[in-house]
Amino acid sequence: MSPEYLAAIVDSSDDAIIGKTLDGTIISWNEGAERIYGYTADEVVGKPIAILVPRDRPDELPAIFERLRRGERISHFQTERLRKDGVRLTISLTISPVRDDTGAIVGASAIARDITDQERAVQEALRTRDEFISIATHELRTPLTTVYARLQLAERRVGRPDYDAEGFRQDLAIVRKGADKLRTLVDRLLDVSRIRSERLGLDRAPTDVIALAREIAVELAETAGREIAVSGPASSVDLVNVDAVRIEEVLTNIIDNAIKYGAADQPIDIGLADEATDIRIAVSDRGPGVPLEERDRIFEPFHRASAGTRGVGLGLHIAREVIHLHAGSLTVEERPGGGATFVVTLPKK
């Protein structure tokens, strides 16, 4: 294999391939190194490799060169290096000793891969995991504490001679409510797992989505004791092939959020539209609204508007993914006059 062919291979690599002497002087610099570090070969050949090393890592190079002098190969060593513009990069280094014809170690060859984006993604995933564990632990603990306390109270009631049947029924009702909260949380966590593994299936059937939305609005208005004003047709002209259970979960979540965050003395507005190609459902509240910079983030998993917000931040994420599986859209916009409007659009075909 000719030297020219080998040089072409080195220059075509996306990784930085750098040759240096045992005193750390750079003697070769490929195009990958130029792309990663921002220096041209003319700028760095003959310079010390230390120009790439952050000042807070003064002991790193001496240790590396000591190992190279012993003939050791350093594989996938994760560290940080500096670009020409001062930006820190996370780098995976593999460094091998270079020997001359007699077998003496005369230098080193380093292959550096920029893993800054991967490392940032890992750190973000770890941050999300830690945040989720914190939130989920809190959300699980609250109903568990209620369930445990009420079971203890029910146990004491049953043991009394003057057994209080009505009090016992109230305890059971509270325990059931706590268990329902736990089940909802677990179901949402399972849904997130299915979404990420693309295993969230739909059980589709022809459905009158307009009538379904009206039914949900009536039920939630009665349950919450809030006024929900619904406008638009009473039913759909065409049945739409959707998973009715999933769509009910989506609309329940959106309307429930409007009840939670809307002004308590103002109605929730639901506008229904049966258009030529789509069904459109708009849920509006008169609350504080959603800031422009938050309108995409609120659909991210585990995102909450503030530290004091209840819940684990999964409802809107799951809702949007379910609507996307139906080839539809879920967006949020500003309500004229203040508040937020969440808009669900479902294609008829």
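**Exercise 1. A residue of the core**

Leaving aside its neighbours within four places in sequence, which residues is F342 in contact with? Find them in the model, which is a predicted one, and then place F342 within its core.

*Solution.* Begin with the list of partners: once neighbours within four places in sequence are left aside, F342 is in contact with I254, I281, A282, V283, V290, I298, F299, L316, L330, T331 and V332. Next, turn to the largest nonpolar core, which has 43 residues, and in which I228, I281 and F342 touch the most other members. Helix α7, residues 209-224, gives the most to this core, with 8 residues. Finally, look for another core lying apart from it, which has 26 residues, including I36, I64, I105 and A110. As general background, nonpolar side chains tend to be buried together in soluble globular proteins.

**Exercise 2. The span of a helix**

Compare the span of helix α8 with the span expected from its number of residues, and do likewise for helix α6.

*Solution.* Helix α8 covers residues 244-261, and because each residue is counted at 1.5 Å, its 18 residues should span 26 Å. The C-alpha atoms at the ends of α8 are 26 Å apart, which agrees with that expectation. For helix α6, residues 165-196, the 32 residues reach 47 Å from the first C-alpha to the last, and this is close to the 46 Å expected at 1.5 Å a residue. Now look at what adjoins these helices: at the N-terminal end of α8, D243 acts as a cap, with a side-chain oxygen 3.2 Å from the backbone nitrogen of V245, while just after α6 the residue E198 takes a positive phi of about 55 degrees.

**Exercise 3. Buried positions in two helices**

List the buried residues of α8 and of α6, and then decide whether N257 is buried or exposed.

*Solution.* In α8 the buried residues are R246, I247, V250, L251, N253, I254, I255, N257, A258 and I259. In α6 they are G167, D171, V175, G178, L182, L185, D191, V192 and I195. To read such lists, recall that an α-helix has 3.6 residues a turn, so residues three or four places apart point the same way. For N257, which lies in helix α8, the relative accessibility is 16%, and because buried means under 20%, this residue counts as buried. Beyond its neighbours within four places in sequence, N257 is in contact with G262 and L316.

**Exercise 4. Building up a sheet**

In what order do the strands of the open sheet of 5 strands stand, and which of them are the edge strands?

*Solution.* The order is β2-β1-β5-β4-β3, and the pairing is antiparallel. The edge strands are β2, residues 26-29, and β3, each of which pairs on one side only. From one strand to the next, the twist averages 30 degrees. Helix α4, residues 60-69, packs on this sheet and touches β1, β3, β4 and β5, while its direction makes about 155 degrees with that of β3.

Now follow the pairs through their bridges. Strands β3 and β4 run antiparallel and are joined by 7 bridges, and E80 has T90 in β4 as its bridge partner. Their hairpin has 5 residues between the strands, and in it G86 takes a positive phi near 90 degrees. Strands β4, residues 88-99, and β5, residues 105-114, also run antiparallel, with 9 bridges joining them; here I95 has A110 in β5 as its bridge partner.

As a last step, examine two residues of these strands. F77 lies in β3, and it counts as partly exposed because its relative accessible area is 28%, a value between the limits of 20% and 50%. S96 lies in β4, and its side chain is joined to that of R73 by a polar contact of 3.1 Å.

**Exercise 5. A lysine after the last listed strand segment**

Where is K348 found, is it buried or exposed, and what does its side chain reach?

*Solution.* K348 is found in the segment after β12, which covers residues 340-347. Its relative accessible area is 15%, and therefore K348 is buried. Its side chain reaches the backbone oxygen of E275 at 2.8 Å, and a polar contact of 3.2 Å joins it to the side chain of D238. Not counting residues up to four places away in sequence, K348 touches D238, V240, D274, E275, A276, T277, D278 and I279.

Terms used
Residues are numbered from 1 along each chain as its sequence is written. This is a predicted model: local features need pLDDT of at least 70, side-chain atom pairs count only at pLDDT 80 or more; totals for chains, interfaces and linings use all residues. Side-chain values use heavy atoms; hydrogens and water are left out. Helices (H or I, at least four residues) and strands (E, at least two) are DSSP runs, numbered from the N terminus. The expected span of a helix is 1.5 Å times one less than its number of residues. Buried means under 20% relative accessible area, exposed over 50%, partly exposed in between (1.4 Å probe, protein chains only). A polar contact is a pair of N or O atoms within 3.5 Å; within protein, one must be able to donate a hydrogen and the other to accept it, and residues adjacent in sequence count only if both atoms are side-chain atoms. Two strands pair if DSSP finds at least two bridges between them. Axes are lines fitted to C-alpha atoms, for helices over the stretch in contact, and angles run from 0 to 180 degrees between N-to-C directions. Contact means heavy atoms within 4.5 Å. A nonpolar core is a set of buried Ala, Val, Leu, Ile, Met, Phe, Trp, Tyr and Cys residues joined through side-chain atoms within 4.5 Å.
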